[in-house]
Amino acid sequence: MLTGVFTALPTPFLADGNIDFENLQKLLYAQLTAGVHGIVLLGTTAETPTLTAAEKKQILDACVPSIRKAGRQLVIGVGTNNTVSTVENIRVAALYKPDAALVVTPYYNKPNPSGMVAHFKAAAAEGLPIVLYHIPGRTGQKLPGALLKKLLTEIPQICGVKESDYDLTHVTDTAVKYAGKISYLCGNDDLFLPFLSLQGAGIISAAASVCAPAFVRIYHAWKQAKTAEAFDLFARIYPLIKACYYETNPTCIKYMLCQLGYGTQTVRAPLGEISTENKTKIDTLLTNKEFLI
């Protein structure tokens with residue numbers, strides 16, 4: 001079971017667009033020091049669609065030893081909208097012995113039910129535990145409850161679901177059926193507390209890149225039945241969480257990290273620099289250092 005706060009680690013870039021390995025290590029160290037329970041490498045927050053295979057390997061080589069030395073859980077993003085390339089990515093990921101591979105439902109293609117099952121069976125056949133990543137807003141396809149049941153029934157290798165659906169009826173239905181049986185992980189930072197109240201196992205968070213200390217405190221407060229304290233902490237960082245998504249992730253997070261001393265705000269095309277208006281609004285929120293890395 002994957003449990004706790006997992007940071008979806010961004011990829012710092014130098015001003016020339018190359019990977020900034022110094023600030024990558026600095027950012028990873030800050031996350032581990034903040035007490036996160038795990039790290040997700042090569043998720044979409046890492047801008048993986050713009051990374052070459054060689055760059056992905058360099059990131060894994062740079063980060064995995066520190067994660068393992070710290071005794072934290074490791075998830076590696078491998079999903080694409082091509083079953084063959086997804087399997088190839090899993091084979092590379094397996095060399096680093098992650099706790100799970102994160103596999104998004106194929107985007108754009110919109111597979112029919114038989115195709116979806118075949119895709120995840122091919123991924124699972126490589127032997128790694130699989131976290132199914134459900135994010136209808138990005139993929140354009142929502143998994144019906146019956147299809148999710150079929151996937152979980154026929155593919156026991158699926159150990160968890162990263163849920164990024166804003167349909168709370170769907171979220172609740174899934175939690176009632178599967179929380180405790182699989183790792184049901186929140187994929188929407190602004191729904192962290194509702195997920196915990198539904199017995200969710202934790203969160204895979206992009207915003208934790210900036211405010212990991214707060215997410216860790218919220219998680220532990222909730223687990224200690226200090227629900228009022230958890231809500232107070234959540235309410236205090238909620239404006240910052242929302243600000244992380246003023247524009248397409250991870251553009252705002254990259255700007256925040258730049259302001260906090262973790263390299264440049266550089267993102268790779270087709271993403272671009274955020275607006276001056278949003279920079280000004282974000283600057284007013286980066287004041288409470290106890291919540292920030």
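At what angle do helix 11 and helix 12 pack, and how far apart are their axes? In this predicted model, helix 11 (residues 251–259) and helix 12 (residues 276–283) meet at about 55°, and 11 Å separates their axes. The two helices are therefore oblique to each other. As for handedness, the crossing of helix 11 with helix 12 is right-handed.

Now for the residues that do the touching. On the helix 11 side these are Cys252, Tyr255, Met256 and Gln259, and they meet Lys279, Ile282 and Asp283 of helix 12. Sorted by character, the residues of this contact come out as four nonpolar, one polar and two charged.

Another helix pair sits earlier in the chain. Helix 1 (residues 21–34) packs against helix 2 (residues 53–69) at an angle of about 30°, with the axes 11 Å apart. Angles under 35 degrees count as roughly parallel, so that label goes to helix 1 and helix 2. Their crossing, too, is right-handed. Helix 1 brings Phe21, Leu24, Gln25, Leu28 and Leu32 to the contact, while helix 2 brings Gln58, Ile59, Ala62, Cys63, Ser66 and Ile67. Here the split is eight nonpolar residues, three polar and no charged.

How confident is the predictor in the chain? The mean pLDDT is 97, and 100% of the residues reach 70 or more. Confidence is lowest in helix 5 (residues 136–139), where the mean is 96, and it peaks in strand 2 (residues 38–41), at 99.

How values were computed
Residues numbered from 1 in each chain as written. Predicted model: local features only at pLDDT ≥ 70, side-chain atom pairs only at ≥ 80, totals over all residues. Heavy atoms only, no water. Axes fitted to C-alpha atoms, helices over the stretch in contact; angles between N-to-C directions. Helix = DSSP H or I, 4+ residues; strand = E, 2+ residues; numbered from the N terminus. Parallel < 35°, antiparallel > 145°, perpendicular 65-115°, else oblique. Left-handed = near helix turned anticlockwise from the far one by under 90°. Contact = heavy atoms within 4.5 Å. Nonpolar A, V, L, I, M, F, W, Y, C, P; charged D, E, K, R; others polar. pLDDT = per-residue confidence, 0-100.
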